[in-house]
Amino acid sequence: MARETCFLNTRRALCSSIGINAILFTALLVLQYFYDIRKDDGNATEELGAHANGQLAKNYFSDFISVSDNTLCVECGYLGENISAEETLYNQILISKNGSRMCCLEDGSLASLARKVLKIGESEKPIDKDSFSWWRERPNSAHLYLKDLYRTQLHWTATEETGSAFSNLSIVDQNKLVIEKTGHYFVYAAVVFDFRTVTKVPQVYYNITGFLPVISRFTFVLMGKYGGSPFSEKRHTGYLCGISEFYKGHQISVSVNDHSFIDNTPYANFFGIFKL
């Protein structure tokens, strides 16, 4: 009985940990997607900006995202029609004017992050970075954004103005996170590709890799590929995530076979990990 209780508590803690972090991952992915649309559609920018400035009704939504002072809503139709807010970690689920299901979080820090990333309300006060302390102060974890590209390496940074980037792990050569404690980890990465400069989308490969120096062992932790088809979209976000066991000293990194198509828009590309 005690073993069964321990198992249930462990499973509950694991689900909560992944769920809470998934909310921020979802927010970042949706923000990046909307940022792409925003660059190509001035009307969307005006509508969302007007909403953020209180010129539209509080229940107004764009197709994908809505931001108010303390609430962030993202489109979540993928959850299905029968899901209720009580079955998720969101505060409420609403229906937008165009019929989209919007999952809403009452969280001022995430709302501030959304406004910063989308450049809404440039004159508003700086983000209170202490509001992300629950995110940044987790041991054996990191969340990095792409800084630049150097030869065959992606260089990541834990320094930016929103306070959402951090690292409680050592970073080697600006591209490897070093595991300090053996255990199971949730690892993830997002890389945005832009193929609008070419006629045919080539095939690209993106991977999360691990290297254990003590035994000189290299492994592919997660692998992804895209392109090579006449039906491939000209913009694509390659997202990888999964749970893997890492040992002390493991060096975790992200690799892409062709850097020429990576879109280095701020906040679009990120790489992170946390211990379960």
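# A first look at a helix, a sheet and some loops

Just after helix α3, residue K119 takes a positive phi of about 60°. Please keep in mind that this is a predicted model. The points below visit α3, then an open sheet of 5 strands, and finally three loop residues, D263, D173 and S216.

**Helix α3 and its ends**

- Helix α3 spans residues 108-117 and is mostly covered, with 8 of its 10 residues buried.
- Those buried residues are S109, L110, A111, S112, L113, A114, R115 and V117.
- In an α-helix there are 3.6 residues a turn, so residues three or four places apart point the same way.
- At the start of α3, D107 offers a side-chain oxygen that comes within 3.1 Å of the backbone nitrogen of L110.
- L110 is itself among the buried residues of the helix.
- Beyond the other end comes K119, with its positive phi of about 60°.

**The open sheet**

- Five strands form an open sheet in the order β8-β9-β14-β11-β12, and their pairing is antiparallel.
- β8 and β12 are the edge strands, as each of them pairs on one side only.
- From one strand to the next, the twist averages 20°.
- Looking at one pair, β9 and β14 run antiparallel and are joined by 3 bridges.
- L177 has I252, in β14, as its bridge partner.

**D263, a loop residue with two polar contacts**

- You will find D263 in the loop that links β14 (251-256) with β15 (270-275).
- D263 counts as buried because its relative accessibility is 12%, and the cut-off for buried is under 20%.
- One polar contact of the D263 side chain is with the side chain of R235, at 2.9 Å.
- The side chains of D263 and T265 are also joined by a polar contact, at 2.6 Å.

**Two loop residues with positive phi**

- D173 sits in the loop between β8 (170-172) and β9 (176-178).
- The phi of D173 is near 55°, which is a positive value in a residue other than glycine.
- With a relative accessibility of 49%, D173 counts as partly exposed, because exposed begins over 50%.
- S216 belongs to the loop between β11 (204-212) and β12 (217-226).
- Although S216 is not a glycine, its phi is positive, at about 50°.
- S216 counts as exposed because its relative accessibility is 56%.

Definitions and conventions
Residues are numbered from 1 along each chain as its sequence is written. This is a predicted model: local features need pLDDT of at least 70, side-chain atom pairs count only at pLDDT 80 or more; totals for chains, interfaces and linings use all residues. Side-chain values use heavy atoms; hydrogens and water are left out. Buried means under 20% relative accessible area, exposed over 50%, partly exposed in between (1.4 Å probe, protein chains only). Helices (H or I, at least four residues) and strands (E, at least two) are DSSP runs, numbered from the N terminus. A polar contact is a pair of N or O atoms within 3.5 Å; within protein, one must be able to donate a hydrogen and the other to accept it, and residues adjacent in sequence count only if both atoms are side-chain atoms. Two strands pair if DSSP finds at least two bridges between them. Axes are lines fitted to C-alpha atoms, for helices over the stretch in contact, and angles run from 0 to 180 degrees between N-to-C directions.
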